[in-house]
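Colleague: Hi, have you got a minute to go through this model with me? I'd like to hear about the empty spaces, and then a few other spots.

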Amino acid sequence: MNDAFSAESRLIHAGTSRTPGQAVTPPLVPASIYISAGEPRPGLGSWIYGREGNPGWEALEQALGGLEDAEAVVFASGQAASMALMLALAPGRERIVLPSDGYYGGRALADRLRPYGAVAVPVDLQDLPAVERELTAGPAVLWAETPTNPLLRVADLARLAELAAAARAPMVADNTVATGLLQRPLDLGATASLYSLTKSVSGHSDVILGAVVSRDTELLAAVRAWRGSGGAIPGPFEAWLALRGLKTLPLRIARQSDSALAVARHLAAHRLVRAVHYPGTTEATLEVAHRQMPDGFGPLLSFEIDGDGAAADRVVDSARLILPATSFGGVESAWERRARWPAETAPEGLIRLSVGVEPIADLISDIDAALETLEVK
């Protein structure tokens, strides 16, 4: 399908054949080998061995890439995608400058890869002079994340890209929270966008996948090589599920963004809530958030209760509708006390809430009832 149509329409039709008699749904191809003879000529649509390609991967990659007018490479998980990207960008670079308040899995991975890659340097991405100082201290990669997980802090990607370009540092943007529908980091100067497809993209809490999206052909070739040689490949069924989920992403994330904003505003006025973290309610970065995400701020928010970790656990456990579970972006709402994870930087009483597609009145009723347990002696 050509570029005359919107990204939303293109992703809905990705992988669908218009040949008479063919199924409307993309095929599931659980093959480890393909018929081939003569000199191997691997490439798009030319499959030889299952570790190098699958029709289901390519349909998913076509849909994902279309969201940012780029190409996508799909991996077995978001962490696998991160590892391939870190390793591909490591040669000739000494430092990986990453957010001090970002996803703890990315920080842990960078530390673990230290013997094979760059030194992890945490920095506040809202402190632009500090970012510039770290980028110019040696050959570096800038690993941005906005909004961050779990504090939902917003960084100015365009300004970060300017600093990265001046330092000759490629910039990666973890775009998992916003997705390519709400935010397009490549348009703002990023070399690559990173995604955990486990979250909003698949949207049904039934698959683990990741992806790298870029317009840099050399980088794409490098991450594909790491995927193939490292074996971090997605399963055909997982790719099929993610593509099916992706087709409804525009509908899901629009409702989730509206509901999350309503919940965040409700919590901001709640007598038992100490602080709310959400791009649409944070005055200091509201202008940047609107500029980077004009169509909504996504399904994820967090808030701090007026109490300790045990009190936050009591709130989470008291819900009758919202599930006590980790991860985010699914059609069902879920929350957790984030500091229960040892490496997390969240405050002890912070609850991270992933807003699903349930009616907003039901969600607010369930949240209010759970918060009332804080007053039970």
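Modeller: Sure, and keep in mind that this is a predicted model. Let me begin with the second largest cavity: by class, its lining has three nonpolar, two polar and four charged residues.

Colleague: Which residues line the second largest cavity?

Modeller: The lining is made by Asp101, Asp124, Leu125, Gln126, Glu145, Thr148, Arg153, Val154 and Ala155.

Colleague: And what volume does the second largest cavity have?

Modeller: About 40 Å³.

Colleague: How many cavities of 30 Å³ or more does the structure hold?

Modeller: There are three of them. The largest has a volume of about 120 Å³.

Colleague: Which residues lie nearest the centre of the largest cavity?

Modeller: Met86, Ala90, Ile96, Gly117 and Ala118, out of a lining of 14 residues. H3, E2 and E4 are the elements that give two or more residues to that lining. The largest share comes from H3, with four residues.

Colleague: What about the classes of residue in the lining of the largest cavity?

Modeller: That lining divides into 12 nonpolar residues, one polar and one charged.

Colleague: OK, on to pockets. What is the volume of the second largest pocket?

Modeller: About 480 Å³. Its lining counts 28 residues, and those nearest the centre are Gln79, Tyr103, Asn149, Ser196 and Lys199.

Colleague: Which elements each supply at least two residues of that pocket's lining?

Modeller: Helix H3 (78-89), strand E2 (95-99), helix H4 (104-112), strand E4 (140-145) and strand E6 (192-196) each do. By class, the lining of this pocket has 10 nonpolar, 12 polar and six charged residues.

Colleague: Let's change topic. Where is Thr146 placed?

Modeller: Thr146 is in the loop between E4 and helix H6 (157-166).

Colleague: Is Thr146 buried or exposed?

Modeller: Thr146 has a relative accessible area of 2%. The cut-off for buried is under 20%, so Thr146 counts as buried.

Colleague: What does the side chain of Thr146 reach?

Modeller: The backbone nitrogen of Ala155, at 2.9 Å. Leaving out residues up to four places away in sequence, Thr146 touches Arg153, Val154, Ala155, Leu157, Asp174, Asn175, Gln183 and Gln292.

Colleague: How many residues apart along the chain are Thr146 and Gln183?

Modeller: They are 37 residues apart, and their C-alpha atoms are separated by 9.5 Å.

Colleague: You listed Gln292 as a contact of Thr146. Where is Gln292 found?

Modeller: Gln292 belongs to helix H11, which covers residues 286-292. At 5% relative accessibility, Gln292 counts as buried.

Colleague: What does the side chain of Gln292 reach?

Modeller: One partner is the backbone oxygen of Ala155, at 3.1 Å. A polar atom of the Gln292 side chain also lies 2.6 Å from the backbone nitrogen of Leu157.

Colleague: And which residues is Gln292 in contact with, leaving aside neighbours within four places in sequence?

Modeller: Those are Thr146, Val154, Ala155, Asp156, Leu157, Ala158, Leu182, Gln183 and Leu188.

Colleague: Good, now the sheet of five strands. What is its order?

Modeller: The order is E8-E9-E12-E11-E10, in an open sheet with mixed pairing. Strand E8 (273-277) and strand E10 (323-324) are the edge strands, each pairing on one side only.

Colleague: How do E8 and E9 pair?

Modeller: E8 and E9 pair in the antiparallel sense over four bridges, and Val276 stands opposite Phe303 in E9. On to the next pair: five bridges join E9 to E12, also antiparallel, with Ser354 in E12 as the bridge partner of Leu300.

Colleague: What about E11 and E12?

Modeller: Strand E11 (residues 334-337) and strand E12 (residues 350-354) run antiparallel and are joined by four bridges. Arg337 stands opposite Ile351 in E12.

Colleague: Back to E9 for a second. Why is it largely enclosed by the rest of the structure?

Modeller: Because six of the six residues of strand E9 (residues 300-305) are buried. Leu300, Ser302 and Glu304 are buried on one side, and Leu301, Phe303 and Ile305 on the other, so both faces are covered.

Colleague: Thanks, that's what I was after!

Terms used: Residues numbered from 1 in each chain as written. Predicted model: local features only at pLDDT ≥ 70, side-chain atom pairs only at ≥ 80, totals over all residues. Heavy atoms only, no water. Buried < 20%, exposed > 50% of the residue type's maximum accessible area, 1.4 Å probe, protein only. Polar contact = N/O pair within 3.5 Å; in protein donor to acceptor, adjacent residues only side chain to side chain. Contact = heavy atoms within 4.5 Å. 1 Å grid on protein atoms, 1.4 Å probe; cavity = no way out; pocket = protein on both sides within 12 Å on 5 of 7 lines; lining within 4 Å. Points joined across faces, edges and corners; volume = space filled by probe spheres on them. Nonpolar A, V, L, I, M, F, W, Y, C, P; charged D, E, K, R; others polar. Pairing = 2+ DSSP bridges.
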